[in-house]
Amino acid sequence: AYESAGRGDAYPRSSFDDAAAVAAVQDGPASRRHHAGQRSGQGMGGQRGQMQGMGQEGIAAVAPGSLGVASADLAAQLAYLIQEEKLAHDIYVLAASKYGVNVFENISKSETTHQTAIGSLLAGYSLADPTVGLAPGAFLDPSVQKLYDELALRVNSSQEQAVEVGVLIEKTDIADLQKVVNASPREQVTTVLQRLIAASQRHLQ
């Protein structure tokens with residue numbers, strides 16, 4: 001899914017939108033609750049693919065089993081999506097540790113809320129989370145592991161490459177989330193994924 005992506009300005013999703021997505025899992029499409037405690041980070045001026053991010057804490061999960069039974073396709077899609085969100089988180093953590101740029105750390109916190117959102121859906125369907133207990137940079141899916149290793153090499157090569165990898169990750173997240181939405185899962189699932197997509201699209205404008 002990461003085979004191609006255009007270059008340009010990218011703004012990773014805000015924690016406000018992340019919180020709304022997780023709240024939708026818990027309360028359904030009619031949820032209007034807002035969450036506090038946002039942290040913001042300033043992007044790197046003058047570099048292609050400027051990014052800024054926010055972190056969010058205090059996200060509640062849905063009750064296990066509350067969404068019923070997922071189809072085999074949906075179960076596989078959600079398992080992949082949460083690994084993709086872990087990949088994003090781990091890549092941003094790697095970039096933050098190497099270059100000491102706060103924006104990477106802030107975005108990694110945002111990606112944690114994305115994992116929480118997808119993890120809530122998995123729990124709602126009584127599905128196992130394939131990311132639980134894994135070390136940074138470790139994945140059960142061999143294709144995700146290979147992808148992480150390739151992107152990590154790019155991140156380690158230069159700060160500019162780290163920014164471009166961030167752009168690629170954000171655009172790919174949009175595409176992969178949209179694929180699941182297009183498969184027409186139940187409304188509660190669609191609402192969560194669409195909010196994550198909308199947040200990413202606003203940041204790419």
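## An exposed serine after helix 5

S184 is exposed, with a relative accessibility of 61%, which puts this serine over the 50% cut-off for that label. Please keep in mind as you read that this is a predicted model. S184 sits in the loop that runs between helix 5 and helix 6 (187-203). Its phi is positive, at about 60°, even though S184 is not a glycine. For background, most residues other than glycine have a negative phi. The place of this positive phi is just after helix 5.

## A serine after helix 3

Where else does a residue other than glycine take a phi near 60°? S126 does, and its phi is again a positive value. S126 comes just after helix 3 and belongs to the loop between helix 3 (102-124) and helix 4. Is S126 buried or exposed? With a relative accessibility of 56%, S126 counts as exposed, because the label applies over 50%.

## The chain as a whole

Let us step back to the overall layout. The chain holds 6 helices and 2 strands, and from the N terminus their order is α-β-β-α-α-α-α-α. Of the 205 residues in the chain, 50% are buried. The exposed surface of the chain comes to about 9,100 Å², and 51% of that area is supplied by carbon and sulfur atoms.

How far apart in sequence are the residues that touch? If you take the contacts between residues at least 6 apart in sequence, 78% of them join residues at least 24 apart.

## Two helices and their lengths

Helix 3 has 23 residues, and 34 Å separate its first C-alpha from its last. That is close to the 33 Å expected at 1.5 Å a residue. Helix 3 is also mostly covered, with 17 of its 23 residues buried.

Helix 5 covers residues 159-182, which makes 24 residues. At 1.5 Å a residue its expected span is 34 Å, and the C-alpha atoms at its ends are 35 Å apart, so the two values agree.

## Where helix 4 meets helix 5

Helix 4 (residues 142-157) packs against helix 5 with the axes 6 Å apart and at an angle of about 145°. Which residues make up the contact between helix 4 and helix 5? Helix 4 brings L151, R154, V155 and S157, while helix 5 brings Q161, A162, E164, V165, L168 and I169. Sorted by class, the contact of helix 4 with helix 5 has 6 nonpolar, 2 polar and 2 charged residues. As a general point, an α-helix has 3.6 residues a turn, so residues three or four places apart point the same way.

Two members of this contact are worth a look in your viewer. L151, in helix 4, is buried at 4% relative accessibility. L151 and A162 are 11 residues apart in sequence, and their C-alpha atoms are 8.5 Å apart in space. E164, in helix 5, is buried too, with a relative accessible area of 8%; the label fits because buried means under 20%. Between the C-alpha atoms of E164 and R154 there are 9.0 Å, and 10 residues separate the two along the chain.

## Aromatic pairs

How many aromatic pairs does the structure hold? There are 2. Y92 and F104 form a stacked pair, with 6.4 Å from centre to centre and 25° between the planes. Y92 belongs to helix 2 (residues 72-99) and F104 to helix 3, so this pair ties together parts that lie 12 residues apart in sequence. Y92 is buried at 1% relative accessibility, and F104 is buried at 0%.

F139 and Y148 form a tilted pair: their ring centres are 5.6 Å apart and their planes meet at 45°. The tilted label applies because planes under 30 degrees apart count as stacked and those over 60 as edge-to-face, with the rest called tilted. F139 counts as buried at 9% relative accessibility, and Y148 counts as buried at 11%.

Key
Residues are numbered from 1 along each chain as its sequence is written. This is a predicted model: local features need pLDDT of at least 70, side-chain atom pairs count only at pLDDT 80 or more; totals for chains, interfaces and linings use all residues. Side-chain values use heavy atoms; hydrogens and water are left out. Helices (H or I, at least four residues) and strands (E, at least two) are DSSP runs, numbered from the N terminus. The expected span of a helix is 1.5 Å times one less than its number of residues. Buried means under 20% relative accessible area, exposed over 50%, partly exposed in between (1.4 Å probe, protein chains only). Contact means heavy atoms within 4.5 Å. Accessible areas come from the Shrake-Rupley method with a 1.4 Å probe; for residues, only the protein chains shown count as cover. Axes are lines fitted to C-alpha atoms, for helices over the stretch in contact, and angles run from 0 to 180 degrees between N-to-C directions. Ala, Val, Leu, Ile, Met, Phe, Trp, Tyr, Cys and Pro count as nonpolar, Asp, Glu, Lys and Arg as charged, and the others, Gly among them, as polar. Rings of Phe, Tyr and Trp (its six-membered ring) pair if their centres lie within 6.5 Å; planes under 30 degrees apart count as stacked, over 60 as edge-to-face and the rest as tilted.
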